[in-house]
Amino acid sequence: MRTQANIASRINAERKSQERSWAWIARQTGIEYKRLLRQAKNCDVALTLENAALIAAALDVDLADLVAPHPFDPKAVAR
């Protein structure tokens, strides 16, 4: 679950850096808005790889940048 939280955190950071809303991502990806929010906030629905790929494409970033820990992330080394 910690990994999913990290992925959701990276998606949220990228979304904010591009000044995009969750509604915009939902429209671009075709993912239902409420489902997207539940996945992004790690509530009760797991973020699927397919949805992560759709979100990465919408934000124009590589999927690997969202799902792989940054090589210089001290939190990634500590695990």
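## Exercises on a helical chain

At 70% relative accessibility, Asp60 counts as exposed (exposed is over 50% relative accessible area, buried under 20%, partly exposed in between, with a 1.4 Å probe and protein chains only). The model is predicted, so local features need pLDDT of at least 70 and side-chain atom pairs count only at pLDDT 80 or more, while totals for chains, interfaces and linings use all residues. Residues are numbered from 1 along each chain as its sequence is written, and side-chain values use heavy atoms, with hydrogens and water left out.

### Exercise 1: The chain as a whole

Work out how many helices and strands the chain has, and what percentage of its residues count as buried.

Solution.
- Step 1. Count the elements: there are 6 helices and 0 strands, where helices (H or I, at least four residues) and strands (E, at least two) are DSSP runs numbered from the N terminus.
- Step 2. Turn to burial: 30% of the 79 residues are buried.
- Step 3. Add the surface: about 5200 Å² is accessible, and carbon and sulfur atoms hold 53% of that. These areas come from the Shrake-Rupley method with a 1.4 Å probe, and for residues only the protein chains shown count as cover.
- Step 4. Look at the contacts (heavy atoms within 4.5 Å): among those with a separation of 6 or more, 51% join residues 24 or more positions apart.

### Exercise 2: Two residues with positive phi

Find where Glu19 and Asp60 sit, and give the phi of each.

Solution.
- Step 1. Recall the background: most residues other than glycine have a negative phi.
- Step 2. Place Glu19 in the loop between α1 (2–17) and α2. Its phi is positive, near 55°, and Glu19 is exposed, with a relative accessible area of 72%.
- Step 3. Place Asp60 in the loop between α4 and α5 (63–67). Asp60 has a positive phi of about 60° although it is not a glycine.
- Step 4. For a glycine, look just after α2: Gly30 follows that helix with a positive phi near 85°.

### Exercise 3: Helix α2 and its partners

Describe how α2 packs on α3 and on α4, and say which residues make each contact.

Solution.
- Step 1. Choose the descriptors: two packed helices are described by the angle between their axes and the distance between the axes. Here axes are lines fitted to C-alpha atoms, for helices over the stretch in contact, and angles run from 0 to 180 degrees between N-to-C directions.
- Step 2. Begin with α3: α2 packs on it at about 115°, the axes being 9 Å apart. Their crossing is right-handed (the near helix is turned clockwise from the far one by less than a right angle; anticlockwise would be left-handed).
- Step 3. List the residues: Trp22, Ala23, Ile25 and Ala26 of α2 meet Tyr33, Leu36, Leu37 and Ala40 of α3. They divide into 8 nonpolar, no polar and no charged (Ala, Val, Leu, Ile, Met, Phe, Trp, Tyr, Cys and Pro count as nonpolar, Asp, Glu, Lys and Arg as charged, and the others, Gly among them, as polar).
- Step 4. Go on to α4: helix α2 (residues 22–29) and helix α4 (residues 49–59) have axes 9 Å apart at an angle of about 105°. That angle makes α2 roughly perpendicular to α4 (65 to 115 degrees; under 35 is roughly parallel, over 145 roughly antiparallel and the rest oblique).
- Step 5. From α2 come Trp24, Ile25, Gln28 and Thr29, and from α4 come Leu54, Ile55, Ala58 and Leu59. This contact has 6 nonpolar, 2 polar and no charged residues.
- Step 6. Check burial along α2: its buried residues are Trp22, Trp24, Ile25, Ala26 and Thr29.

### Exercise 4: From Ile11 to Gln39

Starting at Ile11, decide whether the residue is buried or exposed, and then follow the C-alpha distances to Ala52 and Gln39.

Solution.
- Step 1. Ile11 belongs to helix α1 and, at 3% relative accessibility, is buried. Beyond its neighbours within four places in sequence, Ile11 contacts Trp22, Leu47, Ile55, Leu59 and Leu66.
- Step 2. Move to Ala52: its C-alpha is 8.4 Å from that of Ile11, with their positions 41 residues apart in sequence. Ala52 lies in helix α4 and is buried at 4% relative accessibility.
- Step 3. Continue to Gln39, 13 residues from Ala52 along the chain, with the C-alpha atoms 9.8 Å apart. Gln39 is in helix α3 (residues 33–40) and, at 0% relative accessibility, counts as buried.
- Step 4. Finish with the contacts of Gln39: not counting residues up to four places away, Gln39 touches Ala8, Val45, Ala46, Leu47, Thr48 and Asn51.
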